[in-house]
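Reader: I am new to this structure and would like a close look at one part of it. Please start there and then work outward.

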Amino acid sequence: MIDDTWLAEKFEAHRARLKSVAHRILGSEAEAEDMVQETWLRLSRAGAEEVENLGAWLTTVVARAALDRLRARRARHEESLEEDSIEAQPLERDSPEDEALLADSIGPALLVVLDRLAPAERVAFVLHDMFGLSFEEIAPIVERTPTAARKLASRARQRVRGPQDAPKAALGLQRKVVSAFLAASRAGDFGALLELLDPNVVLRADTFAREKSAARRAQGAPLLEPETRGAAKVAETFKGRARAAHLALLGGAVGAAVVPGGELRVVFVFAMEHGKITAIDIVGDPARLAALGVRLLQD
């Protein structure tokens, strides 16, 4: 029988890494703490007599718990984005050096970008590119073959890479589109907003942004939903708004920031394809705002 004190000490030695894994997967410190606590409860019930590699076992448990939380979160707002056709995708092989460089270079905007990935893609990317797990280790966690797990990470890597490697011309286009969007929003030009939005555009607002919106409801601010889909609905949400928003550089991409009195309150993170806005994330989480390294640009 393993002593409980010994087991607790062993667990504490892994706590920081487990929290880091869960935080990268979920993007929430509070939820990461929940996953770590759940992992401890699993360990305390199961014991460690049959566990050969405690660190690997704990990482697997916390990653599975985080993946389940991601899927539950996604299911509350939309159908799962995980494609069953993943096996049919061409395998793109990045060198280990490329993978490490990307994981290091995407930096402060990472958590916002990761929110746009399907749950299994996010887990595969985080575990492999940031924590060095092999695809053989990742496969049972995401319930895929090692080859499919590799493809999940590769797909995620391509989506994460997006604006981080944007050349000056792409940044210029981003600036043009965001400037036009803010101008149309302030002017209440519904038609112009529709022209800038992809028909299937999705607007997401985190808990902090929604709370700030609710607090300003008396001033006529729109009541934000966790997720809004479709160009007409998103255009209606922004029509006549964004008066306090300014162009800003957010982790290497052009977006917008609301900074009344010099206080950063929320940012708008845009995703674009072919000059159309496909997604807008409204972020009010102070930790994410601090991590984004927001730099205001001349309007």
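Which residues of helix α12 (residues 231-238) are buried?

Author: First, the ground rules. This is a predicted model, in which local features need pLDDT of at least 70 and side-chain atom pairs count only at pLDDT 80 or more, while totals for chains, interfaces and linings use all residues. Residues are numbered from 1 along each chain as its sequence is written, and side-chain values use heavy atoms, with hydrogens and water left out.

Now the helix. The buried residues of α12 are A231, V234, A235 and F238. Seen down the axis of α12, these buried residues fall within an arc of 100°, so they line one face of the helix. That arc is taken over the directions from the helix axis to the C-beta atoms. "Buried" means under 20% relative accessible area; exposed means over 50%, and partly exposed lies in between (1.4 Å probe, protein chains only). The helix itself is a DSSP run: helices are H or I runs of at least four residues, strands are E runs of at least two, and both are numbered from the N terminus. Just after α12 comes G240, with a positive phi of about 80°.

Step back to the whole protein. It has 13 helices and 7 strands. Of its 299 residues, 45% are buried. The protein exposes about 14,900 Å², and carbon and sulfur atoms supply 51% of that area. Such areas come from the Shrake-Rupley method with a 1.4 Å probe; for residues, only the protein chains shown count as cover. Contact means heavy atoms within 4.5 Å. Among contacts with a separation of 6 or more, 68% join residues 24 or more positions apart.

Next, the cores. A nonpolar core is a set of buried Ala, Val, Leu, Ile, Met, Phe, Trp, Tyr and Cys residues joined through side-chain atoms within 4.5 Å. In soluble globular proteins, nonpolar side chains tend to be buried together. The largest core here has 38 residues, of which I25, M35, V123, L127, I138 and V142 touch the most other members. The elements that give two or more residues to this core are α1 (4-26), α2, α3 (54-77), α6 (119-130), α7 (135-142) and α8 (146-161). Helix α3 gives the largest share, 8 residues. Another core, of 30 residues, lies apart from this one. A235 of α12 is one of its members, and L196, L247 and V266 are also among them.

The strands come next. All 7 strands of an open sheet follow the order β2-β1-β6-β5-β4-β3-β7, with mixed pairing. Its edge strands are β2 (227-229) and β7 (295-296), each paired on one side only. Two strands pair if DSSP finds at least two bridges between them. Strand β1 (residues 197-205) and β2 are antiparallel, over 3 bridges. There, L203 has T228 of β2 as its bridge partner.

Strand β3 (residues 245-250) is mostly covered, with 5 of its 6 residues buried. It runs antiparallel to β4 (residues 253-258), and 6 bridges join the two. H246 stands opposite A257 in β4. The hairpin of β3 and β4 has 2 residues between the strands, and G251 takes a positive phi near 55° there. β3 also joins β7 through 2 bridges, again antiparallel. In that pair, A248 stands opposite L296.

Some charged residues deserve a look too. E31 sits in helix α2 (residues 29-46). E31 is buried, at a relative accessible area of 16%. Its side chain makes a polar contact with the side chain of R69, at 3.2 Å. A polar contact is a pair of N or O atoms within 3.5 Å; within protein, one must be able to donate a hydrogen and the other to accept it, and residues adjacent in sequence count only if both atoms are side-chain atoms. Leaving out residues up to four places away in sequence, E31 touches L26, R69 and R73.

R42 is also in α2. R42 is partly exposed, with a relative accessible area of 37%. Beyond four places in sequence, R42 touches W57 and V61.

R116 lies in the loop between α5 (110-114) and α6. At 14% relative accessibility, R116 counts as buried. Neighbours within four places aside, its contacts are R159, R204, V269, F270, A271, A279 and D281. R116 and A279 are 163 residues apart along the chain, with 8.9 Å between their C-alpha atoms.
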